[in-house]
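Colleague: Could you walk me through some side-chain pairs and a helix packing in this model? I'd like the cut-offs as we go.

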Amino acid sequence: MKRYCTLVLILCLLLLLGGCKEKEKEFVPGDKELIHLTSTPKGGVETYQIYTTNIKIFVDGTVIIYASDFVRWLGDGDIPQTVFTITPEEVEQIKQIIVDGNLYNLREDVGNKDGIDGVIKKMTIYAESGTHTTGGISVSNRQFVRAYDAIENIVREELFIYTGEINATQLKGHEKFVNRSVEILDREGGPLLDHTYINDVYTFVEELDDGNNYYTVIEFNTYGLDILKELTAWASDEETITVSIHVNGSFEKTVAITAPISDGKMYIQQNDEISANALVEKIKSGM
């Protein structure tokens, strides 16, 4: 009798545990988004190369490839994106990949638990009943890898062209950024000061009874002030000191200094406020 009760108890526990097992969700596509793939490098690359590549595919065949999450976008304008259409057959192929890989029920984190460097890849699957995201860093899960690669392969050509353009823009911007400079040269073109001596640049408006004077002001740090004091100690209307300002290798302005500079501020007179602001922004781009 004791053995019988024990057996019944074990059977009840097994039935209870079996009933607690989470039922798998059925994947039924919605009528808008279908799947969203992302890829983000983590470690092992330069900062300007870190961004997320997005591939968003819709049920009607529309595909949007775009980049996001830059550490710093180095392009001149907005971040571009590319939009195109795949065939209905390719859409059905992607649906079948989702079903065959059981992606809608794949656990959320399939990445390398010990991963520090690598690529973070994720897939968000859209269904009538909701969304499900799966992925991780340096993923080796076969279901995930096969599905991700197969879907990416459908848009591989467009993806290659797009990421090539983004990478070229980032590299060009990076080279421009690391080579930025502000140089103040003497009459003969010899170096006097550079951007490492500058604290701030701003516009100053001097209000007068008969109008306003507009200046771009370069404010130097303590080390720059010491150089300016020595350089301009004997400056006067009769002993004008002429310097030129160059930003990122290009000549911008000639400045005539007619009085000693003791406050670390170089006032550059401009025709109007627009011109003053423009030079401020130009100099800041080289700092």
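Colleague: Is Lys113 buried, partly exposed or exposed?

Modeller: This is a predicted model, where local features need pLDDT of at least 70, side-chain atom pairs count only at pLDDT 80 or more, and totals for chains, interfaces and linings use all residues. Residues are numbered from 1 along each chain as its sequence is written, and side-chain values use heavy atoms, leaving out hydrogens and water. Buried means under 20% relative accessible area, exposed over 50% and partly exposed in between, with a 1.4 Å probe and protein chains only. Lys113 has 63% relative accessibility, so this residue counts as exposed.

Colleague: Which residue meets Lys113 in a salt bridge?

Modeller: A salt bridge here is a side-chain nitrogen of Lys or Arg within 4 Å of a carboxyl oxygen of Asp or Glu. The N to O distance for this pair is 3.5 Å. The partner is partly exposed, with a relative accessible area of 38%. It is Asp109.

Colleague: And how far apart are the closest N and O atoms of Lys282 and Glu252?

Modeller: Happy to check! Lys282 and Glu252 form a salt bridge. Lys282 lies in helix α6 (residues 273–285) and Glu252 in strand β12 (residues 250–257), so the pair ties together parts 30 residues apart in sequence; helices (H or I, at least four residues) and strands (E, at least two) are DSSP runs, numbered from the N terminus. The closest N and O atoms are 3.9 Å apart.

Colleague: Is Lys95 buried or exposed?

Modeller: Lys95 pairs with Glu92 in a salt bridge at 3.2 Å, and both lie in helix α2, three residues apart. With a relative accessible area of 18%, Lys95 is buried.
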